[in-house]
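Let's take a walk through a protein model together. Keep the picture open beside you and turn it as you read.

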Amino acid sequence: MSFGQRTTNGSLFSIRCLFSRSNDLPNRDLTRKLARISLESEKVTIQKMEAKDLEEVLFIESSDSLTPWSRDMFVEEMRNPLGYCYVMRRKDESKHPVIGFMCFRNIGEESELLKISVHPAYRHLGLGKELMKFYIDFSRERGITTFYLEVHSSNQPAIHLYRLFSYQSSGMRKKFYQGKWDALLMTKKA
Ligand SMILES: CC(C)(COP(=O)(O)OP(=O)(O)OC[C@H]1O[C@@H](n2cnc3c(N)ncnc32)[C@H](O)[C@@H]1OP(=O)(O)O)[C@@H](O)C(=O)NCCC(=O)NCCS
């Protein structure tokens, strides 16, 4: 398995989404339904984030993040020797070449997940789990024993995802996001 070009766990996906951006459609549920119906026979890959991915990454980032990173922040993170940024791509290079991404930092035996996001039209299809599996396997193989992250305390999809990977609540940062919303701290021991 070559690092930086991993096919997700042998899973096969066929995501024939007909629209270039999720908000081209009045009904986002319909987009999701179409993607789910055909999620069966086409592989996706996880690869190192490159400059050419940034437009798609920034679109996904702008869709939900409370603290969206700018282009410069992603570029800086991609250059950071302790930083790792990866994208999930459809193999068919169609209108949504990038359907998810993540950034994390590994220092010594500790890792911090900084960003994880799935394109809005492709959520709830198992791709978040694929990204997390990649991240944890990748980091464990490099000696990471403790994983940290922060998440908005009401972000149930994300908290549910992290609990599936045995993250546990380890604290709370009051008014962490924009001075208004609390962050839940979560930790996982490898
Ligand atoms: C959090 C996020 C990455 C999850 O990605 P995803 O591809 O939708 O997740 P998956 O399809 O792999 O689902 C993972 C689990 O969460 C559950 N889940 C996903 N979306 C959900 C939702 N909206 N409501 C309830 N549960 C949900 C799934 O059912 C699954 O659990 P299960 O296996 O027990 O059924 C995605 O919602 C996202 O990009 N959110 C915006 C960015 C964000 O909030 N990132 C986290 C910042 S810390």
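Start with Tyr167, which is buried because 22 other C-beta atoms lie within 10 Å. Here is the rule behind that word: with C-beta atoms placed from the backbone, a residue is buried if 20 or more other C-beta atoms lie within 10 Å of its own, exposed if 12 or fewer, and partly exposed in between. Tyr167 sits in the loop between α5 and β7. Tyr167 and Lys188 are 21 residues apart in sequence, yet C-alpha to C-alpha they are 4.5 Å apart in space.

Before going on, a word about what you are looking at. Residues are numbered from 1 along each chain as its sequence is written. This is a predicted model, where local features need pLDDT of at least 70 and side-chain atom pairs count only at pLDDT 80 or more, while totals for chains, interfaces and linings use all residues.

Now zoom out. How many helices and strands are there in the chain? You should find 5 helices and 8 strands. Those labels come from DSSP runs, numbered from the N terminus: helices are H or I with at least four residues, and strands are E with at least two. Trace the chain from the N terminus and the elements go β-α-β-α-α-β-β-β-α-β-α-β-β. Of the 190 residues in the chain, 29% are buried.

Next, follow the strands as they line up. Two strands pair if DSSP finds at least two bridges between them. β2 and β3 run antiparallel, joined by 5 bridges, and Gln47 stands opposite Val87 in β3. On goes the pattern: β3 pairs with β4, again in the antiparallel sense, over 7 bridges. Val87 turns up here too, standing opposite Phe101 in β4. β3 is mostly covered, with 7 of its 8 residues buried.

Moving along, β4 (residues 98-107) and β5 (residues 110-118) are antiparallel partners over 8 bridges. One pair to look for is Cys103 with its bridge partner in β5, Lys115. The two strands form a hairpin with 2 residues between them, and Gly108 in the turn has a positive phi of about 60 degrees.

Then the direction changes: β5 and β6 (residues 146-152) pair in the parallel sense, over 4 bridges. Here Ser111 has Phe147 in β6 as its bridge partner. To get from β5 to β6, the chain goes through helix α4 (residues 127-141), and this β-α-β crossover is right-handed. That term means that, with the strands pointing away from the viewer, the path from the first strand over the helix to the second runs clockwise.

What about the inside? In soluble globular proteins, nonpolar side chains tend to be buried together. The largest nonpolar core in this model has 34 residues, and those with the most contacts inside it are Tyr86, Met88, Phe101 and Met102. Such a core is a set of buried Ala, Val, Leu, Ile, Met, Phe, Trp, Tyr and Cys residues joined through C-beta atoms within 7 Å. β4 gives the most to this core, with 6 residues. Domain 1 (5-144) and domain 2 (146-190) both give residues to the core, so it lies between them. The domain bounds come from an automatic or database domain assignment.

Now look for the ligand. Which residues are closest to the ligand? They are Arg123, Gly128, Lys129, Pro157 and Ala158, out of 19 residues that surround it. A residue is near a molecule if its C-beta atom, placed from the backbone, lies within 6 Å of it. The elements giving two or more residues to this shell are β5, α4 and α5 (156-164). α5 gives the most, with 6 residues. Both domains take part, with at least three residues drawn from each.

Finally, two oddities. Most residues other than glycine have a negative phi, and most peptide bonds are trans. Lys175, though not a glycine, has a positive phi of about 50 degrees. Lys175 is found in strand β7 (residues 168-177) and is exposed, because it has 10 other C-beta atoms within 10 Å. Gln178 is also not a glycine and has a positive phi of about 50 degrees. Gln178 lies in the loop between β7 and β8 (181-189), and with 8 C-beta neighbours inside 10 Å it counts as exposed.
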